[in-house]
Amino acid sequence: MLIRHPEDIAPSEITPLRTYLNRRQFMLAGAAGLLMASDAFAALSFKKGISALAANDKPNSLNDITHYNNYYEFGSDKADPAQYAGVLKTRPWNVVVDGAVEKPRAFDIDTLLRMPLEERIYRHRCVEGWSMVIPWVGFPLAALLKQMKPTSKARYVAFETLSRPSEMPGMAEGLLAWPYREGLRIDEAMHPLTLLAVGLYGNVLPNQNGAPIRLVVPWKYGFKSIKSIVRIHLTDTPPQTSWNLAAPNEYGFYSNVNPGVDHPRWSQATERRIGEFLRRPTLMFNGYGGQVASLYQGMDLRKNF
Ligand code: MTE
């Protein structure tokens with residue numbers, strides 16, 4: 001795939017993904033006599049994944065994706081994460097996977113970066129009524145969870161973000177229950193569309209987008225897609241989620257994109273694609289109904305919002 005080097009972001013702000021590729025791959029590529037130019041090398045390192053976008057879904061610019069963010073640990077203004085998240089130290093970094101699994105384990109982030117990576121271009125719909133299209137790089141959450149051998153008690157998956165007030169000035173505002181937490185049902189977590197993202201636009205994640213690893217669940221409102229994950233806990237009880245704790249009548253556990261169920265304070269029927277002027281209709285399950293509607297068969301999605 002192409003690595004883009006947009007003019008609008010300082011090279012120091014993003015680290016080439018190849019920095020994290022393992023040495024063996026590097027040496028094999030070298031042995032094969034390949035040109036070690038970064039673009040050519042990165043093209044070998046991850047493949048294209050499922051995308052299935054409509055003709056009018058073109059990826060947003062890296063500038064939009066990295067300067068219009070929600071990451072409340074760094075403040076509640078859209079510009080705050082780009083301004084303040086740079087100080088977050090993303091090494092060393094461990095992700096603990098535990099709970100209802102036969103083989104609990106703490107993964108060093110550099111081990112996770114050696115999972116087979118794919119580019120997935122997904123629509124991203126925020127509950128606030130805006131949307132983007134983002135070319136993520138990552139691996140299916142299922143690929144990680146299967147390694148841990150979930151037990152029959154694993155009915156839900158709970159996720160937690162790092163809590164480090166010394167580097168996260170927004171935590172002092174107390175807008176949410178920290179650490180930021182989210183949850184999925186196990187079948188949602190194991191769904192092939194559910195991604196752990198470690199990069200975007202071919203490079204490692206900028207801090208404001210949830211470095212070094214974040215969840216992406218493209219058929220749900222963006223707040224499900226928890227950033228900077230340090231713990232993944234499998235459990236038999238529905239996990240607490242930060243937005244549900246903050247406003248239970250506004251943010252339910254399911255959070256499926258649903259133009260037919262309004263937020264109590266605004267309509268969800270349409271959205272503004274960042275960079276566009278006119279609003280466009282919001283699609284049921286954000287347009288991923290063909291892949292995910294069967295997960296909710298027989299459920300009342302007005303009650304389970
Ligand atoms: N994760 C953490 N830890 N803290 C947050 O405030 N905001 C959520 C989600 N993940 C949030 C988070 C919300 S509301 C959205 S819309 C998406 O991240 C935004 O992702 P983006 O900034 O990469 O577009």
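Two rings of Phe, Tyr or Trp count as an aromatic pair if their centres lie within 6.5 Å. Keep that in mind for later. The model on your screen is predicted, and we'll begin with its ligand.

**Stop 1: the ligand.** Click on the ligand and look at where it is: it sits in the largest pocket. Now show its neighbours. You should find 16 residues around the ligand, and the closest are N69, Y72, E73, H124 and K227. Try colouring that shell by type: 6 of its residues are nonpolar, 7 are polar and 3 are charged.

**Stop 2: polar contacts.** Select K227 and turn on its side chain. One of its polar side-chain atoms lies 2.7 Å from an oxygen atom of the ligand. Next, pick H124, where an N or O atom of the side chain is 2.8 Å from a ligand oxygen. Then go to R214: here the distance from a side-chain N or O atom to an oxygen of the ligand is 3.0 Å. How much of the ligand's accessible area does the protein cover? On its own the ligand has 530 Å², and the protein covers 99% of that.

**Stop 3: the rings.** Zoom out, since this stop takes in the whole structure, where a search finds 10 aromatic pairs. Select one of them, Y122 with Y288: the centres are 5.9 Å apart and the planes are at 75°, which makes the pair edge-to-face. Now trace the chain from each ring. Y122 belongs to strand β4 (residues 117–125), while Y288 is in the loop between β13 (280–281) and α9 (289–292), so this pair ties together parts that are 166 residues apart in sequence.

Terms used
Residues are numbered from 1 along each chain as its sequence is written. This is a predicted model: local features need pLDDT of at least 70, side-chain atom pairs count only at pLDDT 80 or more; totals for chains, interfaces and linings use all residues. Side-chain values use heavy atoms; hydrogens and water are left out. A residue is near a molecule or strand if one of its heavy atoms lies within 4 Å of it. A polar contact is a pair of N or O atoms within 3.5 Å; within protein, one must be able to donate a hydrogen and the other to accept it, and residues adjacent in sequence count only if both atoms are side-chain atoms. Accessible areas come from the Shrake-Rupley method with a 1.4 Å probe; for residues, only the protein chains shown count as cover. On a 1 Å grid over the protein atoms alone, a cavity is a set of points where a 1.4 Å probe fits but cannot get out, and a pocket is an open set with protein on both sides within 12 Å along at least five of seven lines; lining residues have an atom within 4 Å of a point. A molecule sits in a cavity or pocket if more than half of its atoms lie within 2 Å of its grid points. Ala, Val, Leu, Ile, Met, Phe, Trp, Tyr, Cys and Pro count as nonpolar, Asp, Glu, Lys and Arg as charged, and the others, Gly among them, as polar. Rings of Phe, Tyr and Trp (its six-membered ring) pair if their centres lie within 6.5 Å; planes under 30 degrees apart count as stacked, over 60 as edge-to-face and the rest as tilted. Helices (H or I, at least four residues) and strands (E, at least two) are DSSP runs, numbered from the N terminus.
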